[in-house]
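This report covers how the two protein chains meet and which parts of them lie near a DNA strand.

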Number of protein chains: 2
Amino acid sequence: MQDGRRVRGQLRRVELLTATLAVIERAGVAGVSHRAVAAEAGVSVASTTYHFASLDELLVAALTWAAEDLAAELHERVNEMGARPADELARLIEHCLVYRRGRTLAEYELYLMAARRPALREAAAAWLEPLTQIARNFTTDPQKASLLVAALDGILLQSLIGARPYNHNDFTALLTHLR
Amino acid sequence: MQDGRRVRGQLRRVELLTATLAVIERAGVAGVSHRAVAAEAGVSVASTTYHFASLDELLVAALTWAAEDLAAELHERVNEMGARPADELARLIEHCLVYRRGRTLAEYELYLMAARRPALREAAAAWLEPLTQIARNFTTDPQKASLLVAALDGILLQSLIGARPYNHNDFTALLTHLR
DNA sequence: AAACAATTAGTACGTCTGTCCTGTTAGTTT
DNA sequence: AAACTAACAGGACAGACGTACTAATTGTTT
């Protein structure tokens with residue numbers, strides 16, 4: 001049988017990771033500290049240092065965890081996507097930019113972290129995997145698919161920053177060039 | 001006539017901004033502190049706090065300054081670009097990813113900062129302006145042009161992270177879909 | 001029940017941080 | 001020359017930080 005202490009520990013580990021994501025949504029990666037995360041989770045500081053010896057370890061874990069989480073969510077959406085992919089793809093982007101805006105921004109901040117740590121390349125690449133799958137669902141041409149993945153990244157980024165507001169019709173119009 | 005003290009002050013201001021960019025290239029935005037910047041510039045701490053009262057002010061100034069700097073450089077390249085735009089565009093991207101890799105990464109970190117401060121939206125948008133111009137040089141269709149701008153952002157980002165290595169031929173092949 | 005292990009709480013230490021304050025230098029104006 | 005001011009240096013302060021250490025708590029094994 002499972003050790004009850006360990007399952008509780010794993011639960012708290014997840015609590016700490018979600019708390020970390022919450023902190024990042026609110027204050028950015030810069031706002032992450034053992035104390036801030038502990039406060040967010042309603043937990044003692046020692047508990048965070050127990051599960052994640054260093055801050056770096058915490059951030060790395062948060063990145064990989066967020067990547068898995070996003071992959072799982074996107075995977076669901078991929079399965080539901082069939083009839084009118086352009087419209088549904090647009091709705092997905094809108095979802096990321098409106099209802100999940102903070103989370104998406106947090107993901108991009110973590111995403112960029114990977115550029116400085118080779119150990120995270122794999123996790124960051126996994127991030128793109130479900131997107132690539134969606135793209136291949138949209139068009140069979142592999143070149144157009146990878147172009148679409150890049151464009152999705154760019155559109156999300158630019159809209160997050162507010163340099164270019166998101167517009168549903170504009171976006172679906174763009175997609176017609178990639179069928 | 002100009003005040004000699006002020007012109008020296010402005011020079012030091014620029015020195016501090018380039019030092020800030022250098023620190024960001026080396027250690028990321030997270031590594032920026034008054035002391036780190038002062039050390040990089042070989043200057044006393046008080047000098048940085050004199051020119052930029054708060055750290056935030058320093059980062060904001062660094063962002064807008066970097067944006068202007070990049071815009072100026074891209075503007076030059078736009079003028080030289082004529083004969084074979086696809087190839088030259090690919091060379092530009094390669095330039096950003098190889099010879100200017102650290103700087104490009106720094107720019108993206110600052111770029112993302114704008115998402116949390118509405119005051120920076122304008123500066124971030126200015127960042128896209130020369131890119132847009134290049135895109136319109138490449139194709140007359142405005143939709144394809146904005147698609148290209150987004151794709152450029154995505155490709156740069158993904159290559160910086162190392163999730164997708166840059167390949168010259170692949171890239172020029174992608175561009176054919178956007179003529 | 002007793003020995004043990006996983007987890008949590010409280011706390012303390014040294015370091016680095018942002019920022020302010022005081023004095024000093026150098027250039028400008030009158 | 002004297003008053004003034006922009007620019008700079010050095011230092012000091014309180015606070016937040018990462019992290020290690022010790023004890024207490026809780027669950028498991030024997």
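## Chain contacts and DNA surface

In this predicted model, the copies meet through the same surface, because 100% of the interface residues of chain A are also interface residues in chain B. The contact involves 33 residues of chain A and 33 residues of chain B. On the chain A side, two or more residues come from each of helix H6 (101-113), helix H7 (121-138), helix H8 (142-161) and helix H9 (168-175) of chain A. Among these elements, H8(A) gives the most, with 14 residues.

A turn of 180° with a shift of 0.0 Å along the axis lays chain A on chain B with an RMSD of 0.0 Å. The two copies are therefore related as by a two-fold rotation axis.

Both chains also supply residues near DNA strand C. Chain A contributes at least two residues from each of helix H1 (4-27) and helix H3 (45-51). In chain B, helix H1 (4-27), helix H2 (34-41) and helix H3 (45-51) each supply at least two residues of this surface. There are 25 residues around DNA strand C, and those that come nearest are A:Gly9, A:Ser44, A:Ala46, B:Gly4 and B:Ser33.

The table gives the two surfaces by residue class.

| Surface | Nonpolar | Polar | Charged |
|---|---|---|---|
| Side of chain A that touches chain B | 22 residues | six residues | five residues |
| Surface near DNA strand C | nine residues | nine residues | seven residues |

On the surface near DNA strand C, nonpolar and polar residues number nine each, while the side of chain A that touches chain B has 22 nonpolar and six polar residues.

Key. Residues numbered from 1 in each chain as written. Chains lettered and ligands numbered in written order. Predicted model: local features only at pLDDT ≥ 70, side-chain atom pairs only at ≥ 80, totals over all residues. Contact = placed C-beta atoms within 7 Å. Helix = DSSP H or I, 4+ residues; strand = E, 2+ residues; numbered from the N terminus. Nonpolar A, V, L, I, M, F, W, Y, C, P; charged D, E, K, R; others polar. Near = placed C-beta within 6 Å. Least-squares fit on C-alpha atoms with pLDDT ≥ 70 in both.
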